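Me: Please show me the model, and then let us go through its salt bridges and its sheet by question and answer.

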Amino acid sequence: MGVLAHWKQGHKTEAILIEKLSELGYEVLKPLNGSLRYDLVIEDDNGQFWRIQCKTAWIEKRSGVLRFHTASTGGAATRANNRQGYKGQIDYFAVYAPDLKECFLIPIDHAKGTEMRLRLEPTKNNQKKGINYAYDYLLQ
């Protein structure tokens, strides 16, 4: 997938997430400045504002987990081969998985490293510790 295709998918993901968050009753705000570290701001029923970074997830064929990047992969960060995380700059990742046609909302504190893996099915050895299940974060 080329740069243009990533750009288009990013806009599609953002539009789908705006629709889903609005449908769930959140007020969704879109900053005019496109160079901010967050894509959206949502306001909940209590008047609390939350910064949202939108991401597109994909299913890893080999392991069957849902994956998405939790660090910036564009601009100067990529040229320097140094991805920049979002800790302290966002509150949640809003994630759209086109293969599942599902949306997820994940607190930044649950994302470790430069990517997050969400299991779609239980582990074969029934491991529970350290496992993030996709449907625990499902927006519905």
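Me: Does K87 count as buried or exposed, and at what relative accessibility?
Reply: This is a predicted model, in which local features need pLDDT of at least 70 and side-chain atom pairs count only at pLDDT 80 or more, while totals for chains, interfaces and linings use all residues. Residues are numbered from 1 along each chain as its sequence is written, and side-chain values use heavy atoms, with hydrogens and water left out. Buried means under 20% relative accessible area, exposed over 50%, and partly exposed in between, with a 1.4 Å probe and protein chains only. On that scale K87 counts as exposed, at a relative accessibility of 57%.

Me: Which residue does the side chain of K87 meet in a salt bridge?
Reply: A salt bridge is a side-chain nitrogen of Lys or Arg within 4 Å of a carboxyl oxygen of Asp or Glu. K87 lies in the loop between strand 7 (84-85) and strand 8 (92-97), and its partner lies in the loop between strand 9 and strand 10, so the pair ties together parts that are 22 residues apart in sequence; helices (H or I, at least four residues) and strands (E, at least two) are DSSP runs, numbered from the N terminus. The partner is partly exposed, with a relative accessible area of 48%. At 2.7 Å, N to O, the residue that K87 meets is D109.

Me: Which residue forms a salt bridge with E14?
Reply: E14 lies in helix 1 (residues 3-23) and is buried, with a relative accessible area of 11%. Leaving aside residues up to four places away in sequence, E14 touches K30, D39, L40 and C54, where contact means heavy atoms within 4.5 Å. The salt bridge, at 2.9 Å from N to O, joins E14 to K30.

Me: What is the relative accessible area of E60?
Reply: The side chain of E60 meets that of R117 in a salt bridge of 3.2 Å, N to O. R117 is partly exposed, with a relative accessible area of 40%, whereas E60 is buried, and its value is 8%.

Me: What is the strand order of the open sheet of 5 strands?
Reply: The pairing in this sheet is mixed, and two strands pair if DSSP finds at least two bridges between them. Strand 1 (27-29) and strand 9 (102-107) each have a single partner strand, so one side of each is left without a neighbour in the sheet. Strand 2 (residues 40-43) and strand 3 (residues 49-56) run antiparallel, joined by 4 bridges. The order is 1-2-3-8-9.
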